[in-house]
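Visitor: Got a minute to walk me through this one? I'd like to go piece by piece.

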Amino acid sequence: MFDYGSAAPSDGAGGDAPRHLRVTGGTMLSGAIDVKTSKNACVALLCASLLNRGTTTLRKVARIEEVNRILRVLASMGVHYEWIGQDLRLTPPERLDLTRVDADAARRTRSIIMFLGPLLHDYPEFELPFAGGCELGDRTVEPHMVALRRFGLAVETSGGAYRATVKDRVDPPGTIVLTERGDTVTENAIMAAARFPAVTVIRNASCNYMVQDLCFYLEHLGIRIDGAGTTTITVHGREDLDADVDYAPSEDPIEAWSLVSAAIVTDSEITVRRVPIEFTEIELALAEEMGLEYARGPEYLAENGRTRLADLTVHPSRLRAPMDKIHPMPFPGLNIDNLPFFALIASCAEGSTMIHDWVYENRAIYLTELNRLGAHVRLLDPHRISVEGPVEWSGAEVTCPPALRPAVVLLLGMLRARGTSELRHINVIHRGYEHLAERLQLLGAEIEPF
């Protein structure tokens with residue numbers, strides 16, 4: 001066993017967490033593991049807490065680096081936060097200080113873009129550092145601007161920052177059609193509409209898990225929202241939000257699928273508990289077509305009272321390649337963040353699998369790092385790979401790519417590989433997973449930090 005300390009590590013060379021992992025592969029795993037709360041939902045709720053003049057308490061927040069970065073930014077603006085066990089309490093000041101924003105923390109996360117929606121209500125001029133995060137390719141912020149211009153926001157970019165100005169008077173937006181059905185774009189539009197005293201209809205909205213959690217939280221603040229979980233969301237805005245709110249975000253479907261993938265790649269029987277089943281059903285259906293055998297328990301509700309959960313027991317299975325290519329789609333399609341794990345699963349399956357990541361230019365390239373462990377991953381172009389399986393995995397020393405999910409895919413591949421592997425510079429994993437290596441160790445994985 002090893003201890004990461006009480007909080008997620010810092011981005012620098014220091015911190016309590018190990019920077020590398022040594023993995024002895026070929027060991028079957030067993031036991032049960034709970035899925036933790038959603039990284040993406042927690043980050044959205046931290047941004048949304050800026051809408052509320054009262055205190056926001058979020059339950060069972062994962063202590064991951066992405067959360068730490070947003071908390072550093074909030075604290076630099078004057079927000080007081082306090083960890084109470086696993087829960088997080090946030091109390092805003094009377095007025096935010098936007099002149100002292102922690103630029104280093106802000107530039108390390110794409111989530112900083114979601115400050116625009118909340119801040120435009122009270123601050124006619126403000127500045128935010130450019131959004132950063134994983135190196136997954138170019139992603140334009142223009143869809144955010146298209147939506148937020150309807151609320152009077154104008155943004156210029158210069159000197160590594162977004163310089164925002166807000167008009168004094170704006171006609172009610174009425175209906176907004178998003179040019180991209182993105183999660184953060186939808187969240188920004190919802191947060192802008194939440195305190196605009198009118199009815200705003202958002203079409204082509206994402207209905208993904210983190211958007212639903214944001215809607216449920218805003219309902220606790222007294223905002224009426226129709227259509228959460230659909231592509232048309234109607235927000236009945238209120239000019240002032242001042243309530244002490246206690247909210248429990250739902251579990252993380254990406255972590256859930258990571259743990260299911262760990263069972264598949266190690267040919268093990270593992271029970272993954274508290275799986276947000278609505279957001280993993282496509283992945284399960286596709287894996288079942290590839291031969292996955294599993295048992296699904298009865299459904300029950302998450303602590304938010306809305307999200308459906310179930311326990312899954314994954315059994316050792318003989319896999320075959322799917323007939324068609326694997327590609328992501330907006331929810332309810334296969335989640336873009338779960339796509340990389342199918343490179344791992346396809347490497348355990350008989351035959352050839354094509355995986356098409358049409359969203360990110362660079363992530364398919366990072367998945368070719370599996371070849372260092374004995375995989376047969378062929379890059380067809382920046383968006384597509386061909387995976388041949390099954391393969392004989394063998395240990396190797398690999399440096400984490402600068403992208404969260406491919407880094408976790410490598411760690412899980414090392415659990416299968418014969419011999420000893422070393423995964424170096426693992427800080428990127430801490431962005432989205434709390435104590436992942438330690439929790440895998442509890443299932444029998446032989447992992448040693450150094």
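Visitor: How many residues of helix 12 are buried?
Guide: This is a predicted model, and in it twelve of the 13 residues of helix 12, which covers residues 404-416, are buried. So to speak, the helix is mostly covered.

Visitor: Which residues are the buried ones in helix 12?
Guide: They are Leu-404, Arg-405, Pro-406, Ala-407, Val-408, Val-409, Leu-410, Leu-411, Leu-412, Gly-413, Met-414 and Leu-415.

Visitor: OK, sheets now. What's the strand order in the open sheet with strands 22 and 24?
Guide: The order is 22-23-1-24, four strands with mixed pairing. Strand 22 (397-399) and strand 24 (446-449) are the edge strands, each pairing on one side only. On average, neighbouring strands here are turned by 20° against each other, ignoring direction.

Visitor: And how does strand 1 pair with strand 24?
Guide: Antiparallel, over four bridges, with strand 1 spanning residues 20-24. One pair to look for is Leu-21, whose bridge partner in strand 24 is Pro-449.

Visitor: Which strands of that sheet does helix 12 touch?
Guide: Helix 12 packs on the sheet and touches strand 1, strand 22, strand 23 (420-424) and strand 24. The direction of helix 12 makes about 165° with that of strand 23.

Visitor: Switching topic: what's the angle between helix 6 and helix 7?
Guide: About 15°, with the axes 9 Å apart. Helix 6 is residues 183-194 and helix 7 is residues 209-220. That angle makes the two helices roughly parallel, since anything under 35 degrees counts that way.

Visitor: Is the crossing left-handed or right-handed?
Guide: Helix 6 and helix 7 cross in the right-handed sense.

Visitor: Which residues meet there?
Guide: From helix 6 you have Asp-183, Thr-186, Glu-187, Ile-190, Met-191 and Ala-194. On the helix 7 side they meet Met-210, Val-211, Leu-214, Cys-215 and Leu-218. By class, the contact has eight nonpolar, one polar and two charged residues.

Visitor: Why would residues three or four places apart in a helix point the same way?
Guide: An α-helix has 3.6 residues a turn, so positions with that spacing end up pointing the same way.

Visitor: Back to sheets. What's the order in the one with strands 9 and 11?
Guide: That open sheet runs 9-10-12-11, again four strands with mixed pairing. Strand 9 (175-177) and strand 11 (224-226) stand at the edges with a single partner strand each, so one side of each has no neighbour in the sheet. Neighbouring strands are turned by 20° against each other on average, direction ignored.

Visitor: How many bridges between strand 10 and strand 12?
Guide: Five, in the antiparallel sense, joining residues 199-203 of strand 10 with residues 232-236 of strand 12. Val-201 stands opposite Thr-234 in strand 12.

Visitor: And which strands does helix 6 touch in that sheet?
Guide: Helix 6 packs on the sheet, touching strand 10 and strand 12. The helix 6 direction makes about 25° with that of strand 12.

Visitor: Last thing: how many residues sit between strand 4 and strand 5 in their hairpin?
Guide: Two, and Gly-85 in the turn has a positive phi of about 65°. Strand 4 (residues 80-84) pairs antiparallel with strand 5 over five bridges, and Trp-83 stands opposite Leu-88 in strand 5.

Visitor: What does strand 3 do with strand 5?
Guide: Strand 3 (residues 56-58) runs antiparallel to strand 5 (residues 87-91), joined by three bridges. Leu-58 stands opposite Leu-88 there, so to find both partners of Leu-88, look at Leu-58 and Trp-83.

Methods:
Residues are numbered from 1 along each chain as its sequence is written. This is a predicted model: local features need pLDDT of at least 70, side-chain atom pairs count only at pLDDT 80 or more; totals for chains, interfaces and linings use all residues. Side-chain values use heavy atoms; hydrogens and water are left out. Two strands pair if DSSP finds at least two bridges between them. Axes are lines fitted to C-alpha atoms, for helices over the stretch in contact, and angles run from 0 to 180 degrees between N-to-C directions. Angles under 35 degrees count as roughly parallel, over 145 as roughly antiparallel, 65 to 115 as roughly perpendicular and the rest as oblique. A crossing is left-handed if the near helix is turned anticlockwise from the far one by less than a right angle, and right-handed if clockwise. Contact means heavy atoms within 4.5 Å. Ala, Val, Leu, Ile, Met, Phe, Trp, Tyr, Cys and Pro count as nonpolar, Asp, Glu, Lys and Arg as charged, and the others, Gly among them, as polar. Buried means under 20% relative accessible area, exposed over 50%, partly exposed in between (1.4 Å probe, protein chains only).
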